[in-house]
Amino acid sequence: MKFAKNILFLLFSIAYSPSSNAQYISVDDNQTAQELVENVLINSPCANVSNITVSGWAFTSGNSYGYFNAGTSTFPFQDGVILSTGRASSATGPNTSLLSEGPATWQGDADLQQAIGENNTINATVLEFDFLPLANKVSFEYIFSSEQY
């Protein structure tokens, strides 16, 4: 009887064991801020876009911002814009260690610092633009994710 219980427990454990699902995405960190805003974020004739700027870090290979595509992974968004505190291409996953890229001289975002009451933040990538919606409803879906907080 004890042997049968152990076998059942083992089978149950195997059948219902937690498994990790790596989230592989592809990242193109060579698109311009204008391409990202007009072709990915807005991508609609329902808005006029102007004054597109990005501040981040231009690494020797790639940028701290870019376009991502989920491909065949189960990532919750099929595609979108990635703004990173390091190389955007480092977000492809899976990540098994703390990523820390970019120099301490890469400044934080003054608006964010004021909003959260913090000073001396570093490594902010900021994508800003003005848009005039031509529809009565505007929405953006986003994920805010961090491995440091």
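**Sheet, loops and pocket**

Asparagine 51 counts as exposed, because its relative accessibility is 55% and the cut-off for that class is over 50%. This residue is found in strand β2, which covers residues 47-55, and the structure described here is a predicted model. Although asparagine 51 is not a glycine, its phi is positive, at about 50°. That sign deserves a mention, because most residues other than glycine have a negative phi.

A second asparagine can be described along with it. Asparagine 120 is not a glycine either, and yet its phi is positive, at about 60°. Its place is in the loop between α3 and β5. Is asparagine 120 buried or exposed? With a relative accessible area of 73%, asparagine 120 is exposed, since the cut-off for this class lies at over 50%.

For a wider view, the elements of the protein can be followed from the N terminus, where they run α-β-α-β-β-β-α-β. In total there are 3 helices and 5 strands. Of the 149 residues, 23% count as buried. The accessible surface of the protein comes to about 10900 Å², and carbon and sulfur atoms hold 54% of that area. Contacts also link parts of the chain that are well separated in sequence: among contacts with a separation of 6 or more, 62% are between residues 24 or more positions apart.

Which strands form the open sheet, and in what order? There are 3 of them, in the order β1-β3-β4, and their pairing is antiparallel. At the edges stand β1 (26-28) and β4 (79-83); each has a single partner strand, so one side of each is left without a neighbour in the sheet. On average, neighbouring strands of this sheet are turned by 35° against each other, with direction ignored. Strands of a sheet pair through backbone hydrogen bonds, in either a parallel or an antiparallel way.

The pairings can now be taken one at a time. Between β1 and β3 there are 3 bridges, in the antiparallel sense. On the other side, β3 (residues 65-69) is joined to β4 by 5 bridges, and these two strands also run antiparallel. Tyrosine 67 is a helpful residue to follow across the sheet: in β3 it stands opposite aspartate 28, and it also stands opposite valine 81 in β4. Another bridge partnership links asparagine 69 with aspartate 79 of β4.

Strand β3 is mostly covered, with 4 of its 5 residues buried. Helix α2 (residues 33-42) lies across β3 and β4, and it runs at about 35° to β3.

The loop between β2 and β3 holds glycine 62. This glycine counts as buried, because its relative accessibility is 13% and the cut-off for buried residues is under 20%. Which residues are in contact with glycine 62, once its neighbours within four places in sequence are left aside? They are Asp29, Asn30 and Trp57. The C-alpha atom of glycine 62 is also separated by 7.6 Å from that of alanine 88, a residue 26 positions away along the chain.

Attention can then turn to the largest pocket. About 2300 Å³ of space lies in it. Its lining is made up of 49 residues, and those that lie nearest its centre are Leu83, Ser84, Ile143, Phe144 and Ser145. Which elements give two or more residues to this lining? They are α2, β4, α3 (110-116) and β5 (126-133). The largest share, 5 residues, comes from β4, which is also an edge strand of the sheet. Rolling a probe the size of a water molecule over the atoms shows where empty space is left.

The last residue to visit is serine 139, whose place is in the segment after β5. Serine 139 counts as exposed, because its relative accessibility is 57%. Its C-alpha atom is separated by 9.9 Å from that of isoleucine 42, although the two residues are 97 residues apart along the chain. Isoleucine 42 belongs to α2, residues 33-42.

Notes. Residues are numbered from 1 along each chain as its sequence is written. This is a predicted model: local features need pLDDT of at least 70, side-chain atom pairs count only at pLDDT 80 or more; totals for chains, interfaces and linings use all residues. Side-chain values use heavy atoms; hydrogens and water are left out. Two strands pair if DSSP finds at least two bridges between them. Axes are lines fitted to C-alpha atoms, for helices over the stretch in contact, and angles run from 0 to 180 degrees between N-to-C directions. Contact means heavy atoms within 4.5 Å. Buried means under 20% relative accessible area, exposed over 50%, partly exposed in between (1.4 Å probe, protein chains only). Accessible areas come from the Shrake-Rupley method with a 1.4 Å probe; for residues, only the protein chains shown count as cover. On a 1 Å grid over the protein atoms alone, a cavity is a set of points where a 1.4 Å probe fits but cannot get out, and a pocket is an open set with protein on both sides within 12 Å along at least five of seven lines; lining residues have an atom within 4 Å of a point. Grid points are joined across faces, edges and corners, and a volume is the space filled by probe spheres set on the points.
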